[in-house]
Amino acid sequence: MSKKTTQKVKQNKRKKTITSLFIALGIAIVAIYFPELLEEEEKEPSRQGLIPVELVKTIDGDTIKIMYEGKEENVRYLLIDTPETNHPWLGKQPYGQQAKVRNQELLQKGQLEIEFDVGGKYDKYGRLLAYIYIDGKSVQEQLLKEGLARVAYVYPPNTRHLDAFEKAEQQAKKSGIGIWTLEDYTTDRGFDSEKYPANSVKIPVYGETQDFKNCTELRKVYPEGVKKGHPAYKEHLDGNSDGQAC
């Protein structure tokens, strides 16, 4: 290789090195002063009115923590109430843990989105008030359908989905599942912790079935029997096929 060629190769390498340094410097400047330009492309909502957000933590059956507009916010689910998992004076209530686990499971199944109603965005505790969706499907409505929540805290004008929620609640109540398996546990004021202390009833884990050899054994746990859809319901225990076992 001639001396001239060697010098040209060195010059090209030097130019590439300088170019790389300028590129790196430019990226560093953008990252420091314009970080939003390097953020991932914003997710598209599944439909109009929904806002894609990032889940930070599932707090309980009706409360989560999310990233919203660049900061962490606690979100209280609109129009529903689930039993407590660790309340200062109510303590742990039956079906509270089941509601939390199911809520957490639902939130892992797709894109998390929130929707505000026409009323105020925050409650008196500083929590966002919103409807919660996964891939466009209502999490509140699903919890109601599965008997893990009741319709509650209805404060107009935040009532956009009240009719659908009440229909879902009635469906679970008619099937006698979840919170509706415990007579008079669910009230207009909340859940009766005095009548049903946390360890007073055996509650199945979500998705678990319960097997009893006969009605005598079943009634030791469920004195009033169980309806079709309940984890302990079995056709062979429903002698007259009326949807009520034992």
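Start by selecting Gly110, which touches Ile134 and Asp135 once residues up to four places away in sequence are left out of the count. This is a predicted model, and everything on the tour should be read with that in mind. Gly110 sits in the loop between helix 2 and strand 6, and with a relative accessible area of 35% it is partly exposed. If you add Gly136 to the selection, which is 26 residues away along the chain, you will find its C-alpha atom separated from that of Gly110 by 9.2 Å.

Stay with helix 2 and select Arg102 and Glu105, which both lie in this helix, 3 residues apart, or about one turn. The two form a salt bridge in which the closest N and O atoms are 2.2 Å apart. Colouring by accessibility will set the partners apart, since Arg102 is buried at a relative accessible area of 6%, whereas Glu105, at 35%, counts as partly exposed.

Next, bring up the largest nonpolar core, which has 41 residues, with Ile66 and Ile132 having the most contacts inside it. Among the elements that each supply at least two residues of this core are strand 3 (63–68), strand 4 (71–77), helix 2 (96–107) and helix 4 (162–175). The largest share, 7 residues, comes from strand 7. Apart from this core lies another one, of 9 residues, and selecting Phe212, Ala232, Tyr233 and Leu237 will show you some of its members. As general background, nonpolar side chains in soluble globular proteins tend to be buried together.

Now centre the view on Ile66 and show what surrounds it. Leaving aside neighbours within four places in sequence, the residues in contact with Ile66 include Val53, Leu55, Val75, Ile114 and Leu128, and the list also holds charged residues, including Glu54 and Lys71.

From there, turn to the pairing of strand 2 (residues 54–58) with strand 3, where the two run antiparallel and are joined by 4 bridges. A hairpin connects strand 2 to strand 3 through 4 residues, and if you select Glu54, you can look for its bridge partner in strand 3, which is Met67.

The next stop is a pair of charged residues, Asp81 and Arg150, whose side chains meet in a salt bridge with an N to O distance of 3.0 Å. Because Asp81 lies in strand 5 (residues 80–81) and Arg150 in strand 9 (residues 150–151), the pair ties together parts that are 69 residues apart in sequence. Asp81 counts as buried at 5% relative accessibility, and Arg150 also counts as buried, at 5%. Extend the selection to Asp62 and Arg76, and you will have a network of salt bridges that links these residues with Asp81 and Arg150.

Keep Arg150 displayed and add Thr186, which has its place in strand 10 (residues 186–187). Besides Arg150, Thr186 is in contact with Ile179, Trp180 and Phe191, when neighbours within four places in sequence are left aside. With a relative accessible area of 17%, Thr186 is buried.

Finish with Asp123 and Arg127, whose side chains meet in a salt bridge at 2.7 Å, N to O. Asp123 is buried, with a relative accessible area of 18%. If you wish to go on to the other charged pairs, the count of salt bridges comes to 11.

Methods
Residues are numbered from 1 along each chain as its sequence is written. This is a predicted model: local features need pLDDT of at least 70, side-chain atom pairs count only at pLDDT 80 or more; totals for chains, interfaces and linings use all residues. Side-chain values use heavy atoms; hydrogens and water are left out. A nonpolar core is a set of buried Ala, Val, Leu, Ile, Met, Phe, Trp, Tyr and Cys residues joined through side-chain atoms within 4.5 Å. Buried means under 20% relative accessible area, exposed over 50%, partly exposed in between (1.4 Å probe, protein chains only). Contact means heavy atoms within 4.5 Å. Two strands pair if DSSP finds at least two bridges between them. A salt bridge is a side-chain nitrogen of Lys or Arg within 4 Å of a carboxyl oxygen of Asp or Glu.
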